[in-house]
Amino acid sequence: MLKVCRTCLSGCYKRSKCFSGSQIRNKHSCKLLVVGGGTGGCAVAAKFSRKLGKNELVVVEHNDHHYYQPLFTLVGAGIEKLEETWKNEKDVLPENCTWVRSKAVKFDPKNNSVYCENGERIEYEFLVVAVGIEPRFDKISGLLEGLSEPSSGVCSIYSPNYVNNVYPTMKNLTSGNAIFTFPSSPVKCPGAPQKICYLTEDFLRKEGKRDHVNVIYNTSLPVIFGVKKYADALWKICQERDIAVNTRTNLISIEPSKKTAMFENLDNPQERTTLAYSMLHVTPPMATPDALNRCADLSNDAGFAEIDKATLQHVKFPNVFALGDCASSPNSKTAAAAAAQTEVVFENLQDVMRGKRPRLSYDGYASCPLVTGFDRCILAEFDYDLKPLETFPFSQDKERYSMFVLKKNIIPTIYWSLMMNGHWNGPALFRKIMHLDFTSKDK
Ligand code: UQ1
C-alpha cells in the first residue's frame with residue numbers, strides 16, 4: 001500500500017524514510033541522488049544503501065513497475081508471460097533509501113540540483129544518472145497507428161504496452177512477408193531485433209507454415225552483429241534457415257491501411273523500397289529521456305551522459321557518474337553491461353567521496369544471449385574492442401540448450417535475487433574461475 005509521506009508529501013513509500021528533516025516541502029538535499037530506478041539505478045542504490053546512513057540516499061523514479069526487460073523477447077514468442085517480468089518498484093528499491101516517485105525534468109549540475117515533475121528540487125553532493133533510453137515509436141510515421149490495432153500485423157517487443165500482441169501476430173501469420181527491423185539509433189539489447197526474427201522463423205517451421213512466408217531482417221547496421229565470431233555463426237544460421245538479411249536498410253514509414261513499409265538505403269538515402277508485410281516487427285528508434293537529452297552540461301551531441309568510458313565518471317562534473325543505457329560509454333546497451341558497470345560506479349564514486357581519484361576501470365563487458373529458437377541460444381560476451389570475453393570453458397558461438405536455460409531461468413533469478421540487491425557485478429569472477437585450468441581467455 002502506498003502512503004504519502006507527511007514530511008515531504010512526495011509519495012514516499014512507507015518503508016522508505018523521508019530524508020527531509022528540514023521539513024521544507026519543495027526542496028530536499030541528500031548525499032547521493034540516483035536518478036532512475038531501472039536496472040543500473042536500483043543496483044547502484046542497493047550497494048550504497050549499505051554504506052550510507054539513513055536519509056542520505058534518494059532515488060528518483062516515476063514508474064511503479066520495474067520490468068525485467070530482457071524477458072520481453074520470450075514474452076513476444078509466447079514462452080513467458082508479461083506478468084512474470086515485473087515487480088513493484090517499492091519492492092525492488094532498497095529499504096534504506098528514499099524513493100521520490102516523480103520524473104526528473106531538469107538537471108542543473110552546476111548547482112548540484114535536479115528538478116522533478118512534482119515541483120521538488122533535490123540538491124545532491126553526488127549524482128548517479130541512470131535514466132535509460134526510451135523507445136520513440138512516434139518517430140516512424142504510421143507506427144503508433146499500426147501498433148494500436150491488434151490485427152494490423154505491426155508489433156513490437158520493445159514496450160510492455162505492445163509486447164503482448166507479438167505472439168498473436170506470429171500466430172496469425174500464414175503467408176507473405178514477415179519483416180523485422182533495426183533502426184538507425186542506438187538501441188537497448190541490440191540482439192533482440194534478430195532474436196524475435198529467429199523465434200518467429202522457428203515458430204513458422206513448427207507450425208508447418210514456413211514455406212509460405214518470407215522472413216526478412218532489415219537492419220540499419222552494416223553487419224548482422226558487431227563481434228565477428230558471433231556474426232559468422234549468425235550469418236550461417238540465416239543462410240541455413242533462409243532468412244534474408246538486408247544491411248544498411250532503415251525503416252522510415254508505415255502505411256498500416258495498405259500494410260506496406262518504406263525503407264531507405266542508408267548508403268544512398270534517395271533509394272527507397274516499399275515492401276508489403278503480413279507481419280512487421282519494429283524495433284523503434286530510441287533516445288535518452290528529454291531531461292538528459294536537453295541538458296548540454298551533462299550530455300553529448302547524441303544526448304547520452306558524457307562519461308569517461310573506463311571510470312564512468314562524468315567528463316565535466318567529478319561528482320557525477322552515469323551507467324546503463326543512458327551513458328555515453330560505447331558498450332552494447334544490455335543489463336549485463338549495467339551489471340559490470342555497477343561495481344565500477346560503486347567503487348569509483350566512493351573514491352571520489354573520499355577525495356581520491358577513481359581507480360576501477362570498466363572494460364566494456366556486455367553480453368547478449370542470442371536466442372535462435374525455442375530451445376537454443378548463442379551466448380555472446382565481449383568487451384569494448386568487440387573481442388569475445390566468454391564465461392564458459394567452451395566456445396560460445398554454438399547454439400546450445402544450456403544457454404537457453406541460462407537466459408530463460410537462471411539469469412532472471414540472478415537479476416532479482418542478486419543484482420537488485422547489489423550482489424551481482426556480472427560474471428567476471430566465474431570467468432576467471434572457469435578459465436583457470438581449462439582454457440585461456442582468448443581461445
Ligand atoms: C548477466 O550478467 C546479465 O545481467 C544480469 C544479463 O542480463 C540480462 C545477461 O543476459 C547475461 C548473459 C549476464 C551474464 C551472466 C552469465 C552467468 C554469463
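Hi everyone. When I say a residue is around the ligand, I mean that one of its heavy atoms lies within 4 Å of the ligand. Please keep in mind that this is a predicted model.

With that cut-off, 14 residues surround the ligand, and those that come nearest are Y68, S367, P369, I411 and W424. W424 is worth a look on your screens: one of its polar side-chain atoms sits 2.8 Å from a ligand oxygen atom. As for cover, the ligand on its own has 440 Å² of accessible area, and the protein covers 95% of that.

Which elements give two or more residues to this shell? They are the helix α9 (335–353) and the strands β20 (366–373) and β21 (376–382). Sorted by class, the shell holds 11 nonpolar residues, two polar ones and one charged one.

Now let's step back to the domains. The assignment splits the chain into domain 1 (21–133 + 288–353), domain 2 (136–286) and domain 3 (366–434). Domain 1 and domain 3 each supply at least three residues to the shell around the ligand, so let me spend my last minute on that pair.

The centres of domain 1 and domain 3, taken over C-alpha atoms, are 24 Å apart. Their contact involves 34 residues of domain 1 and 21 residues of domain 3. How much area is buried between domain 1 and domain 3? About 2200 Å², with carbon and sulfur atoms giving 67% of it.

Thanks for listening, and I'm happy to take questions.

Notes: Residues numbered from 1 in each chain as written. Predicted model: local features only at pLDDT ≥ 70, side-chain atom pairs only at ≥ 80, totals over all residues. Heavy atoms only, no water. Polar contact = N/O pair within 3.5 Å; in protein donor to acceptor, adjacent residues only side chain to side chain. Areas by Shrake-Rupley, 256 points an atom, 1.4 Å probe, with all protein chains shown as cover. Helix = DSSP H or I, 4+ residues; strand = E, 2+ residues; numbered from the N terminus. Nonpolar A, V, L, I, M, F, W, Y, C, P; charged D, E, K, R; others polar. Domains from an automatic or database assignment. Contact = heavy atoms within 4.5 Å. Buried area = accessible area lost by both parts, 1.4 Å probe.
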